[in-house]
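Hello,

Here is the structure you asked about. Please have it open while you read my notes below.

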Amino acid sequence: MNGITFKNPEYFYLLLLLIPMLAWYIFRFRKSGASIRFSTISGFSKIGKSWKHYLRHAPIFLQMAGVALLIVALARPQSSSSWENSTTKGIDIVIALDISSSMLARDFQPDRLEAAKNVATKFIAGRPNDKMGLVVFSGESFTQCPLTTDHAVLINLFRDIQSGMIEDGTAIGNGLATSVARLKESTAISKVIILLTDGENNRGEIAPVTAAELAKTFGIRVYTIGVGTEGTAPYPVQTPFGTQMQNMPVKIDEETLQKIADITDGQYFRATDNESLVKIYDEIDKLEKSKIEVKEFSRKQEEYQRFAFLGGLILLAGLFLKITLFRNIP
């Protein structure tokens with residue numbers, strides 16, 4: 001047990017009854033005398049004192065101890081040995097992932113899309129207390145998984161993502177706006193979007209900056225990640241002779257991504273390889289550390305039974321000794 005508390009501590013005032021109880025005993029003890037009077041007791045002086053003489057007050061002390069324990073039982077002692085934590089609110093995070101065909105470039109291993117999926121999966125697994133969701137976009141956008149704490153389902157949906165699921169293109173604004181729609185009703189302490197893309201906005205009805213303003217309105221912070229090496233990147237191209245690699249220029253609209261981050265009080269990152277992408281997610285993980293409200297409460301356990309049992313036992317023992325071994329002859 002970590003500690004004992006009392007539900008009804010006012011009953012401890014009953015312990016004051018022990019004082020008149022002891023005073024009455026002392027009074028009666030002093031008043032008690034031999035029923036048969038002797039002119040002298042010098043003849044008994046050589047007789048040793050038995051153990052009963054030394055323990056003659058034991059019954060009253062046992063009775064007082066028993067009464068004291070019964071009073072403690074009335075005060076309802078409670079232990080709080082078990083403590084539990086309950087998580088009330090965490091961070092709501094939506095990952096907006098570009099799945100356009102350019103994400104198949106091989107400047108990451110095995111390609112940009114798979115690398116992004118692998119790193120994001122580890123990120124999700126490392127934040128069990130947060131609600132997380134997934135929005136994918138290319139020429140259009142849709143919600144692959146709404147906010148959920150069932151991260152196993154989310155990770156499975158992440159693994160099912162493939163380029164070509166929806167019309168090709170790069171609608172960054174639409175992807176961001178869809179993510180905002182998933183978070184705008186959230187009551188979480190912090191609302192975050194991680195937007196990952198490797199291109200420039202060339203599709204969609206909503207401009208990226210407009211979507212960023214929308215995010216700001218709902219208090220959503222956006223971390224943007226530009227994915228792609230510097231210069232050119234090997235890109236798989238279908239030819240009459242099968243799939244061949246061709247170096248294609250990497251075009252990331254870093255200015256827009258930076259602006260989105262600035263508007264929403266987020267941060268822009270550039271990932272040029274798998275290792276830097278991992279570091280970026282690690283940094284975001286640190287930036288959005290556990291703003292979780294944890295409420296602790298104790299589970300009370302009644303302990304009065306043991307005090308009542310022990311008190312009753314001691315009280316009966318005192319009474320038993322009083323009427324047997326230490327019985328006085330009137």
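**Charged pairs**

R112 and D107 join their side chains in a salt bridge, with N and O 2.9 Å apart. A salt bridge here is a side-chain nitrogen of Lys or Arg within 4 Å of a carboxyl oxygen of Asp or Glu. Before you go on, note that this is a predicted model: local features need pLDDT of at least 70, side-chain atom pairs count only at pLDDT 80 or more, and totals for chains, interfaces and linings use all residues. Residues are numbered from 1 along each chain as its sequence is written, and side-chain values use heavy atoms, with hydrogens and water left out.

Both R112 and D107 are buried. Buried means under 20% relative accessible area, exposed means over 50%, and partly exposed is in between (1.4 Å probe, protein chains only). The pair also belongs to a network: salt bridges link D107, R112 and D198. In total, the structure holds 12 salt bridges.

Two others deserve a look. E230 pairs with R270, and their closest N and O atoms are 3.8 Å apart. E230 sits in the loop between β7 and β8 (232-239) and R270 in strand β10, so this salt bridge ties together parts 40 residues apart in sequence. E230 counts as exposed, at 54% relative accessibility. The other is E303 with R306, where the closest N and O atoms are 2.9 Å apart. E303 is buried, with a relative accessible area of 4%.

**A lysine without a partner**

Which side chain of opposite charge is nearest to K191? It is D92, 7.8 Å away, and K191 is buried yet has no salt bridge. For charge, Lys and Arg count as positive and Asp and Glu as negative; His and the chain ends are not counted. K191 is placed in strand β6. A polar atom of the K191 side chain lies 2.9 Å from the backbone oxygen of F218. Leaving aside neighbours within four places in sequence, K191 is in contact with residues including D92, L183, F218 and R221. Contact means heavy atoms within 4.5 Å.

S190 is also in strand β6. S190 is buried, with a relative accessible area of 4%. The side chain of S190 makes a polar contact of 3.1 Å with the side chain of R221. A polar contact is a pair of N or O atoms within 3.5 Å; within protein, one must be able to donate a hydrogen and the other to accept it, and residues adjacent in sequence count only if both atoms are side-chain atoms.

**The nonpolar cores**

The largest nonpolar core has 35 residues, and I95, L97, I225 and Y281 touch the most other members. Such a core is a set of buried Ala, Val, Leu, Ile, Met, Phe, Trp, Tyr and Cys residues joined through side-chain atoms within 4.5 Å. The elements that give two or more residues to this core include β3 (91-98), α4 (112-125), β7 (220-227) and α9 (274-287). α4 gives the most, with seven residues. Apart from this core lies another of 26 residues, among them L176, L183, A211 and V250.

Take I95 as an example. Leaving aside neighbours within four places in sequence, I95 is in contact with residues including A120, F123, M132, V135, F158 and Y281.

**A loop residue**

D168 is found in the loop between α5 and α6 (172-183). D168 is partly exposed, with a relative accessible area of 39%. D168 and G139 are 29 residues apart in sequence but 4.7 Å apart in space, C-alpha to C-alpha. The side chains of D168 and S101 share a polar contact of 2.6 Å.

**The whole chain**

The protein chain has 10 helices and 11 strands. Helices (H or I, at least four residues) and strands (E, at least two) are DSSP runs, numbered from the N terminus. Of its 330 residues, 39% count as buried. Among contacts between residues at least 6 apart in sequence, 82% join residues at least 24 apart.

One item comes from a record. An unreviewed UniProt entry places the feature "transmembrane region" at residues 12-29 and 307-326. UniProt positions are in the numbering used here, feature names are shortened, and annotations may be inferred rather than shown by experiment. In the model, residues 12-29 are 67% helix and 0% strand, with end C-alpha atoms 27 Å apart. Residues 307-326 are 85% helix and 0% strand, with end C-alpha atoms 26 Å apart.

Best wishes
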